[in-house]
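Hi,

Here is the structure I promised to pass on. Have a look at it first, and then read on for what turned up.

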Amino acid sequence: MSTISALRGAACCAVRVLPRSSAQTARATHFWATTLVQSSPLARRAFASAAAGKVSKALQGEIKHEEEQYEQAKEIKSFLKNSDFKLVEADGDVNMALERELGNKVVRIEWQLASPFDPEADPEGDGEPEREATDLSISVENKDSGAGMVFYCSTQPGEDHRYVIGNVKCFATAEEKDSVSSYHGPEFEDLDDKLQEAFDEYLAELGMNSEICDFVDAMALDKEQREYVRWLKLASKFCAGE
């Protein structure tokens, strides 16, 4: 017999099942019966319900606290009451926009919610925390041809000029506007000073001003807070089995 044949024979003998004693059979039966009970849908459901109930209770407490603390900023109510722009937003969507029409052109200002916490802020710092900048885009588009421009901007603290321009993109069609590989234009600060001034005046004509920057900053935080409370309620409802 070859060495390989001998090893195969030994392996077969090693895995052969030997007859069990009655005590071994009883222990095996008890083990599998216990395991099946513990892993049954009813047992798992009871465990999940207890844990989910604890989560739901904690979520309800957080919801109560957040709703008691929430108050919408005055800038938001005042702006929406007096502005020619229309606010566009939807529950569960982090994006927001202000829209208005000027003749055959559509002006759209877009931005997203922002976290109220600054990861780089000093937790023991004194004084009022500095307002965070909000990234936004201002697009003006011809309703007939689809051509237009997009100004990529950020808000900044201050009383006079509340935003800075990063790039100015020009597009001939809606497809080019939405293309991630299309040219975004030069750095705004590299443009001639007279051209920069002309673009600033053009944005002012479209309706861009300090009041919009105040609204965008306030709304970015307000939206985050409302979405957080919505998240708490959805999680609580799910864990409660509703």
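To start with one residue: is D222 buried or exposed? D222 is buried, as its relative accessible area is 6%. Keep in mind that this is a predicted model.

D222 has a partner, though. Its side chain forms a salt bridge with that of R226, at 2.6 Å from N to O. The two sit four residues apart in helix α7 (residues 210-239), so about one helical turn separates them. R226 is partly exposed, with a relative accessible area of 24%.

Helix α7 holds another pair with that spacing: E227 and K223 are four residues apart, about one turn of the helix. Their side chains meet in a salt bridge of 3.1 Å, N to O, and both residues are buried. Salt bridges with shared partners tie E89, D222, K223, R226 and E227 into one network.

Elsewhere, K143 and E101 make a salt bridge through their side chains (3.2 Å, N to O). This one connects distant parts of the chain, 42 residues apart: K143 is in the loop between β4 (135-142) and β5 (148-155), while E101 belongs to strand β2 (residues 95-102). K143 is partly exposed at 43% relative accessible area, and E101 is exposed at 55%. The count of salt bridges comes to 13.

Last, the surface has a patch of negative charge where D192, D193, E197 and E201 gather. Of these, D193 lies in helix α6 (residues 193-206) and is exposed, with a relative accessible area of 61%.

Cheers

Note on methods:
Residues are numbered from 1 along each chain as its sequence is written. This is a predicted model: local features need pLDDT of at least 70, side-chain atom pairs count only at pLDDT 80 or more; totals for chains, interfaces and linings use all residues. Side-chain values use heavy atoms; hydrogens and water are left out. Patches are made of residues with over 30% relative accessible area and no salt bridge: like charges are joined within 9 Å, nonpolar side chains (Val, Leu, Ile, Met, Phe, Trp, Tyr) within 5 Å. Accessible areas come from the Shrake-Rupley method with a 1.4 Å probe; for residues, only the protein chains shown count as cover. A salt bridge is a side-chain nitrogen of Lys or Arg within 4 Å of a carboxyl oxygen of Asp or Glu. Lys and Arg count as positive and Asp and Glu as negative; His and the chain ends are not counted. The place of a charge is taken as NZ of Lys, CZ of Arg, CG of Asp or CD of Glu. Buried means under 20% relative accessible area, exposed over 50%, partly exposed in between (1.4 Å probe, protein chains only).
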